[in-house]
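Here's a quick tour for anyone meeting this structure for the first time. Have a look at the model, then read on.

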Amino acid sequence: MTEQYEIKIQGELDPQWSDWFAGLALTHPAGNMTLLSGPLPDQSALHGILERIRDLNLKLISVVCVAPLPTDSD
């Protein structure tokens, strides 16, 4: 089931990194912070994003599952 996530990291990443983070939107809601937000298809995709954050040695602030997205069967 696809779910909507918001992932906050310390530092300001350029929005061009969006493709590297599975197409998540990159915004800067507060000073020196980046918010990655958007749908991810499953937990495996979420773990892939978290591994990339780790590999870039970025500080993870929070991960929030905002809500599951409706499916055709809903």
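## Tryptophan 20 and its neighbours

Tryptophan 20 is partly exposed in this predicted model, with a relative accessible area of 36%. Over the face of its ring lies arginine 52, sitting 4.7 Å from the ring centre.

Which residue makes an edge-to-face pair with tryptophan 20? That's tryptophan 17: the two ring centres are 5.5 Å apart, and the planes meet at 75°. The pair counts as edge-to-face because 75° is over the 60 degrees needed for that label.

## The ring cluster

Tryptophan 17 is partly exposed too, at 32% relative accessibility. Tryptophan 17 also pairs with phenylalanine 21, this time in a tilted arrangement, with 6.4 Å between centres and 45° between planes.

Is phenylalanine 21 buried or exposed? Its relative accessibility is 0%, so phenylalanine 21 counts as buried. Put the ring pairs together and you get a cluster of Trp17, Trp20 and Phe21. Across the whole structure, the search turns up three aromatic pairs.

## The salt bridge

Side chains of opposite charge can pair up when their charged atoms get close. How many salt bridges does the count give here? Just one salt bridge.

Arginine 54 and aspartate 55 form a salt bridge, and their closest N and O atoms are 2.9 Å apart. That fits the rule because 2.9 Å is within the 4 Å cut-off. Aspartate 55 is exposed, with a relative accessible area of 54%. Arginine 54 counts as exposed as well, at 54% relative accessibility.

Definitions and conventions:
Residues numbered from 1 in each chain as written. Predicted model: local features only at pLDDT ≥ 70, side-chain atom pairs only at ≥ 80, totals over all residues. Heavy atoms only, no water. Salt bridge = Lys/Arg side-chain N within 4 Å of Asp/Glu carboxyl O. Buried < 20%, exposed > 50% of the residue type's maximum accessible area, 1.4 Å probe, protein only. Phe/Tyr/Trp six-rings, centres within 6.5 Å; stacked < 30°, edge-to-face > 60°. Lys NZ or Arg CZ within 6 Å of the ring centre and 35° of its normal.
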